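Welcome, and please have the model open as you read. This report walks through a few places that reward a look on screen.

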Amino acid sequence: MLKLENVSVAYGNIEVLHGVSIEVQEGEIVTIIGANGAGKTTTLRSAEGLLPKKKGSRITFDGTDITNMGTEKIVALGMALSPEGRHIFPDLTVKDNLEMGAFLRAKEKEKVAADLKRVYGMFPRLEERKNQLGKTLSGGEQQMLAIARALMSNPKLLMLDEPSTGLAPLVVKEIFRIIKDLNQKEGLTVLLVEQNAKMALGVADRGYVLKNGEIVMSNTGENLLKDDSIRTAYLGEKVYKK
C-alpha cells in the first residue's frame with residue numbers, strides 16, 4: 001500500500017533522512033522505532049507530502065506515485081496522519097474538530113454523518129464531550145480526538161505519530177487497544193511511530209528500526225521484541241549473556 005524508496009530529506013543543509021526504504025502492505029500494522037531525533041516523524045511527514053524530498057527519492061501509495069504530490073491530494077487518495085502533539089483545534093468543539101477531519105468529503109454528507117456516529121462508537125467520551133472546546137479535554141481525550149479526526153477522512157492508511165506521548169499507562173493501553181481493533185476488526189492499515197517500543201512492537205506485524213536517519217534493522221514485531229540489541233537499546237532491559 002505504501003512504499004518509500006531511497007527517501008532522503010534535508011532541513012536546510014542538514015540531511016536528516018538518508019535513503020530510507022520501507023514498505024507497508026495492505027492490512028498490516030507496521031511500526032518504526034528509534035531514539036529521539038532518529039527521523040521517525042520526518043519519515044511520516046515526508047510520506048504525507050509535508051516535506052520536500054531530495055532527488056532520487058520515490059514514494060508510492062496504493063499504486064500512485066505521490067513523491068511530489070500535495071498533501072491535500074494525498075489525503076484525498078486515502079492517507080491520514082494523526083500528528084505528534086495532537087494539534088487539535090483548541091477553540092473548536094469536539095464535533096467541529098471531527099467535521100474538520102472530513103473537510104475534503106463535504107459532498108458526502110450522509111457518509112460523513114455515518115462516520116461521525118462510527119467514531120463516537122469507538123470513542124464514547126468524545127460523544128459525551130462533543131460540545132466542549134478541544135482545549136478543555138484531558139491529554140488522553142485530545143489524543144483520541146486526534147485519531148478520530150484522522151479517521152473522519154475515511155483513510156485506507158492511518159499514520160500515527162507518537163500516540164502515547166505524555167499519557168498515563170491506562171490511557172496508553174486503551175489507545176493501543178483501539179489501534180489493534182481498527183486493524184483487526186475494520187482491516188485498517190496502520191503505520192505507527194512510537195517511543196514506547198514495547199507497546200508498538202507488541203501490536204505490530206512488522207517493525208523497522210531507524211537510527212540517525214537510516215533503517216538499520218527490520219523484522220517481525222515478535223522477532224524484534226526478542227532481539228537482544230533491541231531489548232537493550234529500546235526496551236530498557238538488561239540482557240545477560242550465558
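What follows covers a helix, the nonpolar cores, a pocket and two loop residues.

Keep in mind throughout that this is a predicted model.

**Helix 6**

A good place to begin is helix 6, which has 13 residues. From its first C-alpha to its last it reaches 19 Å, close to the 18 Å expected at 1.5 Å a residue. Twelve of the 13 residues are buried, so helix 6 is largely enclosed by the rest of the structure. The buried ones include Glu141, Met144, Ile147, Arg149 and Leu151. If you colour the surroundings, you will find that the buried residues of helix 6 pack against strand 6, helix 3, helix 4 (109–122), helix 5 (124–128), strand 7 (157–161) and helix 7 (169–186).

**Nonpolar cores**

In soluble globular proteins, nonpolar side chains tend to be buried together. Here the largest nonpolar core holds 37 residues, and Leu98, Phe123, Leu126, Leu151 and Leu158 touch the most other members. Several elements each supply at least two residues of this core, among them helix 3, helix 4, strand 8 (189–193) and helix 8 (197–203). Which element gives the most to this core? Helix 6 does, with seven residues. Phe123 is worth picking out: leaving aside residues up to four places away in sequence, Phe123 touches Met144, Ile147, Ala148, Leu151 and Ile178. Another core, of 27 residues, lies apart from this one, and its members include Leu2, Ile32, Ala47 and Val193.

**The largest pocket**

The largest pocket encloses about 590 Å³ of space. Its lining is made of 23 residues, and those nearest the pocket centre are Glu48, Thr71, Val75, Leu81 and Arg149. Two or more lining residues come from each of helix 1 (40–47), helix 2 (71–77), strand 6 (79–82), helix 3 (94–101) and helix 6 (139–151). By type, the lining divides into eleven nonpolar, six polar and six charged residues. Arg149 links two parts of this tour, as Arg149 is among the buried residues of helix 6 and also one of those nearest the pocket centre.

**Two loop residues with positive phi**

Most residues other than glycine have a negative phi. The two below have positive values and sit in loops.

| Residue | Phi | Loop between | Relative accessible area |
|---|---|---|---|
| Asn154 | about 60° | helix 6 and strand 7 | 43%, partly exposed |
| Glu162 | near 55° | strand 7 and helix 7 | 5%, buried |

Glu162 counts as buried because its 5% relative accessibility falls under the 20% cut-off.

Notes
Residues are numbered from 1 along each chain as its sequence is written. This is a predicted model: local features need pLDDT of at least 70, side-chain atom pairs count only at pLDDT 80 or more; totals for chains, interfaces and linings use all residues. Side-chain values use heavy atoms; hydrogens and water are left out. On a 1 Å grid over the protein atoms alone, a cavity is a set of points where a 1.4 Å probe fits but cannot get out, and a pocket is an open set with protein on both sides within 12 Å along at least five of seven lines; lining residues have an atom within 4 Å of a point. Grid points are joined across faces, edges and corners, and a volume is the space filled by probe spheres set on the points. Helices (H or I, at least four residues) and strands (E, at least two) are DSSP runs, numbered from the N terminus. Ala, Val, Leu, Ile, Met, Phe, Trp, Tyr, Cys and Pro count as nonpolar, Asp, Glu, Lys and Arg as charged, and the others, Gly among them, as polar. The expected span of a helix is 1.5 Å times one less than its number of residues. Buried means under 20% relative accessible area, exposed over 50%, partly exposed in between (1.4 Å probe, protein chains only). Contact means heavy atoms within 4.5 Å. A nonpolar core is a set of buried Ala, Val, Leu, Ile, Met, Phe, Trp, Tyr and Cys residues joined through side-chain atoms within 4.5 Å.
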